[in-house]
Every structure is written in structure tokens, then in C-alpha cells.
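Subject: Structure handover

Hello,

As agreed, I am passing on the structure below. My notes on what was found in it follow.

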Amino acid sequence: MPGEKQATTELYKRTLVAGLWNENPVFRLLLGMCPTLAVTAAVKPAFTMGLSVIFVLVCSNIVVSFMRNLLKPHLRILMFTLTIATFVTIADLFLRAFQPRMSEVLGPYVPLIIVNCIIICRAETCASKNNLIVSIIDALGMGVGFTLTLCVLAGVREILSTGAIWEIPILPAGFVPWAAMRMPVGAFITLGLLLALVNAVSKRKY
Amino acid sequence: MDTLNILLIGFISIVIVKNLVLTKFLGICPYLGVSGRIDMAFGMGMAVTFVVTLSGTLTWMIDHWVLMKFGLGVTRYVCFILVIAGAVQLVEMYVRKFFPFLYKSFGIFLPLITTNCAILGLCLFINLWGIDNLLEAVVLSFGAGIGFTMAICIMAGIRENLNLADVPECLKGAPITLITAGLLTLAFMGFAGMIR
């Protein structure tokens, strides 16, 4: 049936796009705030963090989607966390082996992906109810949306705190770096202002 | 006397100087979510303090007496999250049995402590800082809970007053809370360097 096929394609597309803007995990759902604030002092660690989250999100969504019919309601959350913890261990060992410097910079925030609300939220609201393909697409959309948000936030902070982006200087030499942007203050205030911007833009559209 | 000194300095440093919420960004979700009213914030802080003390101590014991002895470091994260989930379950059962009134007012927030990053974060930091003394681990865990309670109560106090302020439309809700939190961390930065 061509009509049915079109409807499924439409659903896939909608699921993919939802994570990027309409249901963007950070800006719209306010999920995963801890890593968002902690690793965005520069773009490189933020990007690495985003990739690790995509990996864990996709893998755990696949596994949860496979076992969704076997889940008992009261053991649900426990099974989710155990699945996620396993994949986070894999990601952490991989980073330690191949990206030792990044692993040092990110420190305990890689294992902290286990308690990242985005992943549990997606396992609960999407993967435990939908089939494999929808779960994978949803994970990709959410993961990419999260990574992009991290990179935007990190970009703003890195430019203002060092005058460079991805460690390549772009601002003129006379620029005085804002040291505060590298510290917790910069993280909180930049994210607050970005959220306000997103609110203002989305209000104007409608 | 020496041990007491180390314990005291460790306690003060984790409550004020290395506060998990304000300098390590841990436990931000409840920090922004539950901090609307001061009594709720205090109750949440107490529950977190209890769970974090219990799970910090237990994970230290498991880490040092089982995992390190048998070279099972790879399974550390899985073990930690299991211990925390178990501790939360224990607290939930205890509170439901002996303080039914408190149990009702907590509602969904009690099971959600499992995914509070402050707790797993503290267990990981204890491991990262290489604390090799059980007593120190207990004091640090307890201090982390107290630090969390203090931060969330300060925030709730500010937000109760913020409700009366005239905030621009697009800043309402989360954005203004984040900016307030930013200014609060600026204040706490003054303590940095107080203890090495």
C-alpha cells in the first residue's frame, strides 16, 4: 500500500525533526542540564560528549525496544538504568583508550551519562512503546539535537572566554578574554539567556 | 587530632568550597525543579542527604573491599547505580511505613532521587579523589548532602521572592532561575581557594 508507506515515512521524518527543535531536549524539555552546563566550556569536549550521548542513546533505545514486551512495570526503571550503565561503560572505556585527553577533560561526566534524564526519558516515552526503527530514528533525532545545543552553548562560551572556536583563534588579537565565561557563572547565565532567546523566537512565530 | 582536622576540613570544603550543585553542576534537575517552595526544598534536601550518605558509604565499601580486590573495576558503574537504586528503594519503603504523611507530600520525587546526578556524581568523585579512608568517605558523603540541602534552600528562598518580581515575558520560568543560579555561583566563587 503506497499510502501506508507514505504515512510511515512521514512519521519517521516527524520523529527525526522533533528532537531538533520542537522537542529539543535542552531548550524545550529542560532535560540533561548537568552535562549541558558542565562540559560546555569549549566546543571540543562538548562535541565529544554529544557523540557519546548519541552512541548510548541509540544503543539503549535498540535494546529497550527489543525487550519492551518482556518488561515488568515495577522493574522497568531498573532495567533501563542497567542497560544504560552497560553502554556507558563501553563508551567510557573507548574514550579512555582512544581519546585519553578528552577523557581526562570530561572526567566523571562521562559515567554521569547513566543518570542523564534524556536517555531514561527516551527509553520510557519512546523505545518501550515503539518498534525498532522508530526508536532508532527518535534516538538519532534527540541525540543530534542535544549535540547541536551543546555545541551552540560551547561555541558562545569558548568565543567569549578565549576568542577562539575549536581552538582556532577567530577574534582579533586585541580581544580581552572574559574569564568568567569559563567558570560556572558563564555556563548558567549563557544557558539562561539562550533559553530566553529560544522562548522569544518561538513566541514570535505563532 | 590530625584525623579530626582532615575530616573537618573535608566537610567544610565539600559543603562550601566544592559544593556539588554550585561548582560541579550536579543535581541541577531537582535544583531547578523542586526549588519552588522552601519546605519542599528542605524535605527533598533531607531525603537526598540520607540517600547520599548511605550510598556513598556503601559504594566506597563495595569499591574497596570487593571490586578493587578482585580487579572488577570495569563493572564499577553498573554496581554503583544498583547500590543507589537499592538505597532509594529502602528509603522509600522506610518512609512509607513510618512516615506516611511525609511519603504523600514527596510523591514522585522520592523514586526520582535514583536519577539525581548529585548522588552518582559524589560516588564517582570519592573514587576519583582517591579517598582511602572509610570515615572520610562517610563524612564527605554526608557533607555533600548538607551542601545540596543548603544550595536548594537558598534557591527556594530566592525564588519565593522572585515570584513577586516583574520579570520580562521571555525570561519567565527556567531562564530567570538559571540566571539567578549563575549569580549565586558567583557569590560562592568567593570561597574558592579558602581550602587547598
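The buried residues of H6(A) are A:Cys117, A:Ile118, A:Ile119, A:Ile120, A:Arg122, A:Ala123, A:Cys126 and A:Ala127. This is a predicted model, so please read everything here as computed from it. Helix H6 of chain A runs over residues 117-127, and with 8 of its 11 residues buried it is mostly covered. The cover over those buried residues includes helix H3 (43-66), helix H4 (76-98) and helix H7 (132-162) of chain A, and also helix H3 (28-33) of chain B.

One of these neighbours can be described in more detail. The axes of H3(A) and H6(A) lie 10 Å apart and make an angle of about 35°, and the crossing of H3(A) past H6(A) is right-handed. On the H3(A) side the residues that meet H6(A) are A:Val56, A:Leu57, A:Ser60, A:Asn61, A:Val64 and A:Ser65; on the H6(A) side they are A:Ile119, A:Arg122, A:Ala123 and A:Ala127. By type, the residues of this contact are 6 nonpolar, 3 polar and 1 charged.

Now chain A as a whole. Chain A has 8 helices and 2 strands, in the order α-α-α-α-α-α-α-β-β-α along the sequence. Its C-alpha atoms fill a box of roughly 65 × 45 × 30 Å along the principal axes. The radius of gyration of chain A is 18 Å, which agrees with the value near 17 Å that a compact globule of 206 residues would have. Of these 206 residues, 45% count as buried. Among contacts in chain A with a separation of 6 or more, 75% are between residues 24 or more positions apart.

A:Leu106 is a residue to look at in chain A. A:Leu106 sits in helix H5 (residues 100-106). A:Leu106 counts as buried because 23 other C-beta atoms lie within 10 Å, the cut-off being 20 or more. Leaving out residues up to four places away in sequence, A:Leu106 touches A:Val39, A:Pro45, A:Thr48 and A:Met49. From A:Leu106 to A:Trp178 is 72 residues in sequence and 22 Å in space, C-alpha to C-alpha.

Next, the contact between the chains. Chain A puts 32 residues into the contact and chain B puts in 31 residues. On the side of chain A that touches chain B, helix H2 (33-38), H4, H6 and helix H8 (184-205) each supply at least two residues. H8(A) gives the most to that side, with 11 residues. The residues of that side divide into 25 nonpolar, 6 polar and 1 charged.

The largest nonpolar core has 112 residues, and those touching the most other members are A:Ile114, B:Val51, B:Ala118 and B:Leu120. Helix H9 (residues 134-162) of chain B provides the largest share of this core, 12 residues. In soluble globular proteins, nonpolar side chains tend to be buried together. Outside its neighbours within four places in sequence, B:Ala118 has contacts that include B:Leu20, B:Val21, B:Val48, B:Ala144 and B:Phe148.

Last, a residue in a loop. B:Gly71 lies in the loop between helix H4 (38-67) and helix H5 (76-98) of chain B. Is B:Gly71 buried or exposed? B:Gly71 counts as exposed, because it has 7 C-beta neighbours inside 10 Å and the limit for exposed is 12 or fewer. The C-alpha atoms of B:Gly71 and B:Ile154 are separated by 43 Å, with their positions 83 residues apart along the chain.

Regards

Terms used:
Residues numbered from 1 in each chain as written. Chains lettered and ligands numbered in written order. Predicted model: local features only at pLDDT ≥ 70, side-chain atom pairs only at ≥ 80, totals over all residues. Helix = DSSP H or I, 4+ residues; strand = E, 2+ residues; numbered from the N terminus. Rg over C-alpha atoms; globule rule 2.2 N^0.38 Å. Contact = placed C-beta atoms within 7 Å. Axes fitted to C-alpha atoms, helices over the stretch in contact; angles between N-to-C directions. Left-handed = near helix turned anticlockwise from the far one by under 90°. Nonpolar A, V, L, I, M, F, W, Y, C, P; charged D, E, K, R; others polar. Core = buried A, V, L, I, M, F, W, Y, C linked by C-beta atoms within 7 Å.
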